[in-house]
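Visitor: I'm new to reading protein structures. Could you walk me through this one?

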Protein chains: 2
Amino acid sequence: MAGERLVYLPLGGAGEVGMNMYLYGYGKPNKERFILVDMGVTFPDMDGTPGVDLIFPDIEWIAARADRLDAIFITHAHEDHVGAVGHLYDRLRAPIYARKFTSHIARLKMEEHGYSGEEIEVVGPMPHQVQVGAFKVGLMPISHSIPESSALVIDTPEGRVVHSGDFKIDETPGLGEPFDREAFGSLGPVKALICDSTNVFSRHEGRSESTVGPNIVPIVREAEGLVVATTFASNIARVRTLAQAGVDAGRSVVLLGRSMQKMVRAGLETGVVTDFPPYLAPEEAGDIPRQNLMILATGSQGERRAATAQLSRGKFLGFSLKEGDTVIFSSKTIPGNETSVGQIVNNFSEMGVDVIDDKMADIHVSGHANRPDLEEMHRLVKPQILVPNHGEHRMLREHATIGEAGGIASVVAPNGTMVSLSGNRPEVVEFIETGRLYLDGAVQIGALDGIVRDRIRMALNGQVVVGVLIDEDDEALEPWVELRGLAEMGRSKAPLADVLEEELGQFLGRANGATISDDDKLEEQLRRIVRNTSQSEIGKKPEVVVLISRLTA
Amino acid sequence: MAGERLVYLPLGGAGEVGMNMYLYGYGKPNKERFILVDMGVTFPDMDGTPGVDLIFPDIEWIAARADRLDAIFITHAHEDHVGAVGHLYDRLRAPIYARKFTSHIARLKMEEHGYSGEEIEVVGPMPHQVQVGAFKVGLMPISHSIPESSALVIDTPEGRVVHSGDFKIDETPGLGEPFDREAFGSLGPVKALICDSTNVFSRHEGRSESTVGPNIVPIVREAEGLVVATTFASNIARVRTLAQAGVDAGRSVVLLGRSMQKMVRAGLETGVVTDFPPYLAPEEAGDIPRQNLMILATGSQGERRAATAQLSRGKFLGFSLKEGDTVIFSSKTIPGNETSVGQIVNNFSEMGVDVIDDKMADIHVSGHANRPDLEEMHRLVKPQILVPNHGEHRMLREHATIGEAGGIASVVAPNGTMVSLSGNRPEVVEFIETGRLYLDGAVQIGALDGIVRDRIRMALNGQVVVGVLIDEDDEALEPWVELRGLAEMGRSKAPLADVLEEELGQFLGRANGATISDDDKLEEQLRRIVRNTSQSEIGKKPEVVVLISRLTA
């Protein structure tokens with residue numbers, strides 16, 4: 001209709017792998033009505049976010065327009081697609097639609113935040129579609145590394161949009177629906193394909209999930225002691241493969257780790273897995289001989305409190321590893337986690353435990369489409385427009401280059417880039433402010449608030465606290481300092497604290513009344529002296545906190 | 001001779017890749033005389049060592065026996081073999097032997113610390129050997145990713161020891177000496193081989209340095225805008241290959257970054273490189289058109305202040321990149337550096353700059369021996385004993401397994417493990433305490449001193465400073481707090497600082513005299529209240545500093 005437009009606006013996931021949140025809107029400019037696809041998180045690290053618990057996209061823009069948000073769709077139950085739902089729902093309050101397993105996981109998260117779970121409506125797969133304003137949205141089964149992953153087929157007045165979600169082309173995924181080439185090939189004509197870019201730089205053919213089992217089985221069979229295998233708990237197909245390999249090798253299977261148990265139970269309850277091998281809870285396995293036991297453990301990414309890391313540090317829930325045991329990492333180490341995983345693997349080595357990972361045997365496959373799969377997806381769907389998402393900027397750019405080379409009008413749209421999909425080519429129509437929110441303890445703080453920056457400064461520079469007492473005659477008494485995270489002794493070979501107190505005391509003795517009586521001036525001078533003296537003594541300029549107490553008559 | 005023994009004792013580099021320091025000793029137990037091989041550093045990270053500048057092995061054990069240390073040998077000029085020499089020499093003060101290029105680099109480091117450089121003696125390669133006590137030590141050319149790398153051939157009363165240093169088998173290394181199979185095959189009989197384990201898990205054949213150039217040339221030739229290439233400055237062979245590709249493509253070459261210039265100059269001055277293409281300093285290149293320029297930049301590992309990172313953030317020394325330019329990473333990202341390198345690569349992508357790395361083209365080869373090379377080394381040298389070094393525990397263990405499978409008596413000897421090489425099999429005779437020293441600003445601190453641990457705590461938990469004034473009557477005046485790195489507002493929707501001051505004030509009002517008058521008790525209580533109140537308000541338990549001022553009549 002005249003004046004209306006179809007727009008796409010990523011808030012998270014276009015410029016990073018993680019925290020996926022994508023808006024689609026239809027209507028006249030500034031009057032569009034929206035649907036939101038996915039509400040995901042990404043994870044902190046010591047480099048940029050020490051002490052932070054979770055990271056979400058900053059949803060301010062859509063929260064301020066929540067009256068025009070008609071629905072939220074969740075494509076699958078990975079944390080980077082559903083992890084933010086309980087934390088941010090309050091500011092959006094639109095009905096949530098997902099298929100049954102995904103809804104189960106989403107509901108557990110909502111319940112943790114005090115919601116009833118009724119906010120979520122279970123919908124079945126295509127050809128069923130939900131009518132939401134001008135959109136008709138269907139969840140179309142697609143293969144990925146978690147059961148019941150879905151692409152979205154969004155019918156709009158401007159034509160059909162296919163939002164791939166996370167996917168790979170796998171016709172034998174073990175669990176979950178196989179990729180249906182015919183179904184995807186029949187979707188056309190498709191106006192726009194919004195497509196997963198994660199593995200665009202992987203040039204080799206993707207490998208099916210079903211190739212993993214045959215490589216796992218002999219490893220488990222030949223192992224002599226206790227066997228521990230770790231993978232993503234959400235990859236229930238892989239967990240089942242590992243469990244089956246254990247059973248086939250005559251071992252009882254134990255699920256170790258809360259998320260491992262939760263995921264398998266959720267899969268069984270919702271029926272996405274029906275033939276999971278029998279397994280025991282940790283407390284039931286005490287009497288089983290070690291060589292007849294296989295533990296499926298959480299923590300393939302080196303998470304400090306997960307089962308694998310715990311086992312690498314000693315006893316955990318009654319289990320401990322020793323020489324001759326085997327640990328299988330049926331996973332790939334996500335960039336950023338190498339140090340944590342490396343520490344764990346070397347701990348195991350020091351115990352005499354053999355570690356087998358995907359460099360030594362083909363025991364892991366990716367859940368994302370490699371370049372050949374992406375090119376095939378383009379050919380199947382034949383969109384007029386391609387908008388790469390789910391990737392770092394470099395991945396989006398490479399994916400757009402591939403699209404253009406294949407004759408598809410493509411655009412690089414990082415977070416905050418509003419793209420109109422109405423024309424023959426995608427058109428950037430607006431840039432909106434985006435950012436990140438941190439869950440820091442119990443509070444959501446803005447990434448740019450300065451709170452985490454201050455913590456990073458203390459980590460790098462250490463801290464000096466200065467206490468000063470000014471009496472009723474504006475005379476300063478002896479100052480005193482406390483050091484935190486700083487070397488005790490420096491170049492003078494005298495305690496740094498003493499040197500600082502000496503310098504500060506001399507300054508206060510000489511300072512004129514104007515400086516002493518002015519909190520800000522005084523603080524500034526004291527800070528300067530501390531930093532310069534510390535630089536001279538120990539080669540560091542610490543953070544400084546100055547407490548000035550003034551006595552009144 | 002009766003009672004004497006030949007021992008090996010790693011202080012650093014056996015249990016990590018980095019900070020190499022290895023002792024060899026001969027004599028009666030507790031009277032051995034030693035030589036030290038290499039004095040290297042490793043690098044900090046935000047995870048475990050925020051704010052730290054460099055990391056060395058703790059040399060206390062050998063420093064306490066420095067009167068029995070006869071010599072220090074440096075195998076090659078990589079930082080993890082020579083970087084600690086200026087920092088730790090003072091406690092050892094034994095003559096340093098190295099070949100000429102390595103000596104040049106070592107001398108520059110010593111001069112930075114106020115030494116004259118006379119502590120270093122330049123020695124020629126095998127067959128020349130230095131007599132040091134019971135040892136005769138020769139530096140034998142071996143191929144690696146820096147010119148003039150050497151293995152050590154150490155003749156002892158118990159037989160010949162070959163210390164591989166860092167190596168690969170490369171007969172066409174471009175610069176530096178090719179691997180001489182015949183020479184290594186003629187070394188026997190060899191009692192013990194102490195051998196680089198870095199790439200033991202790489203199963204494929206190693207590739208020669210000479211394979212890189214042909215893949216670089218077309219990339220540079222086809223580039224249209226400015227070309228930047230980055231690699232390790234110390235890999236002068238690669239730097240020369242890149243420079244030559246630039247010249248062949250009609251571009252002027254600029255070396256950008258201090259270490260790049262230093263290394264090339266050192267190579268030219270010592271004669272290890274004789275035909276380096278002409279190059280310009282940054283300030284001389286201002287008038288050259290961008291498409292006729294190639295910049296060789298430092299910072300292939302994402303180092304924040306190096307040239308590549310600077311260029312990714314904007315203008316640097318007059319150069320800036322833009323759409324259509326090309327950046328070539330002729331390197332591999334060392335585990336731990338992925339986040340830094342990723343940030344840089346994505347910055348370039350946002351500028352429209354094309355990045356080419358070793359995943360997209362074979363433009364980098366490792367400097368370390370892969371598994372097939374290691375097995376060949378074992379076959380050439382035919383040692384009676386194998387002691388893997390230069391690797392994480394897991395690598396040492398795998399390497400020892402390979403040794404045993406090849407009929408060589410092998411041992412896993414992590415840092416601190418003293419091994420006797422006198423018998424037919426290696427025998428662990430003692431464990432000595434080892435650890436790490438941190439260079440923190442200008443001061444060397446022990447890794448376990450708690451200083452860095454306190455900084456990590458502030459990074460994770462934030463900090464509250466509490467000021468309390470107790471008057472002459474032991475009455476507490478209103479307390480006040482300062483927050484650092486903490487959310488301002490918590491569950492009560494009142495400023496956290498106010499809530500804390502309120503709670504503390506109430507406590508002080510109720511507290512009995514015994515508590516008020518006792519500094520330790522009072523501090524403990526105030527700390528407890530701050531942490532519990534903060535946990536309740538913002539879900540974090542901060543670090544707490546309490547300053548108590550007592551007024552006397």
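Visitor: What percentage of the residues in chain A are buried?

Guide: Keep in mind that this is a predicted model. Buried here means under 20% relative accessible area. In chain A, 59% of the 553 residues are buried.

Visitor: How many helices and strands does chain A have?

Guide: There are 16 helices and 26 strands in chain A. Its C-alpha trace spans about 85 × 75 × 45 Å along the principal axes. Now look at contacts in chain A with a separation of 6 or more: 70% of them come from residues 24 or more positions apart.

Visitor: Can you show me one such residue? Where is Tyr89(A) found?

Guide: Tyr89(A) sits in the loop between α3 (85-88) and β6 (96-98) of chain A. Tyr89(A) is buried, with a relative accessible area of 5%. Compare sequence with space: Tyr89(A) and Met39(A) are 50 residues apart along the chain, yet their C-alpha atoms are 9.0 Å apart. If you skip neighbours within four places in sequence, the residues in contact with Tyr89(A) include Met39(A), Ile72(A), Met110(A) and Tyr115(A).

Visitor: And in chain B, is Thr102(B) buried or exposed?

Guide: Thr102(B) is buried, and its relative accessible area is 0%. This residue belongs to helix α4 (residues 100-112) of chain B. Beyond its neighbours within four places in sequence, Thr102(B) has contacts with Ile74(B), Thr75(B), His76(B), Ala77(B) and Glu148(B).

Visitor: Let's turn to charges. How many salt bridges are there over all chains?

Guide: The count is 65 over all chains. Take Asp440(A) and Arg455(A), whose side chains form a salt bridge with an N to O distance of 2.7 Å. Asp440(A) is in strand β22 (residues 436-440) and Arg455(A) is in helix α13 (residues 451-461) of chain A, so the pair ties together parts that are 15 residues apart in sequence. Asp440(A) is buried at 1% relative accessible area, and Arg455(A) is buried at 0%.

Visitor: What separates Arg527(A) and Glu523(A) in helix α16?

Guide: About one helical turn, because Arg527(A) and Glu523(A) are four residues apart in helix α16 (residues 519-538) of chain A. They form a salt bridge, with the closest N and O atoms 2.5 Å apart. Arg527(A) is partly exposed at 24% relative accessibility, and Glu523(A) is partly exposed with 24% too.

Visitor: How many disulfides are there over all chains?

Guide: Zero, over all chains. As for cysteines, Cys195(A) is buried at 0% relative accessibility, and Cys195(B) is buried at 0% as well.

Visitor: Now for where the chains meet. How is the size of an interface often given?

Guide: People often give it as the accessible area lost when the parts come together. Chain B and chain A bury about 5200 Å² between them, with 59% of it on carbon and sulfur atoms. The contact takes 62 residues from chain B and 62 residues from chain A.

Visitor: How many salt bridges are counted between chain B and chain A?

Guide: Six salt bridges are counted between chain B and chain A. One of them joins the side chains of Asp357(B) and Arg394(A), at 3.3 Å from N to O. There are also 32 residue pairs in polar contact across this interface. On the side of chain B that touches chain A, helix α13 (residues 451-461) of chain B gives the most, with eight residues. By class, that side of chain B has 29 nonpolar, 16 polar and 17 charged residues.

Conventions. Residues numbered from 1 in each chain as written. Chains lettered and ligands numbered in written order. Predicted model: local features only at pLDDT ≥ 70, side-chain atom pairs only at ≥ 80, totals over all residues. Heavy atoms only, no water. Contact = heavy atoms within 4.5 Å. Buried area = accessible area lost by both parts, 1.4 Å probe. Salt bridge = Lys/Arg side-chain N within 4 Å of Asp/Glu carboxyl O. Polar contact = N/O pair within 3.5 Å; in protein donor to acceptor, adjacent residues only side chain to side chain. Helix = DSSP H or I, 4+ residues; strand = E, 2+ residues; numbered from the N terminus. Nonpolar A, V, L, I, M, F, W, Y, C, P; charged D, E, K, R; others polar. Buried < 20%, exposed > 50% of the residue type's maximum accessible area, 1.4 Å probe, protein only. Disulfide = S-S within 2.5 Å.
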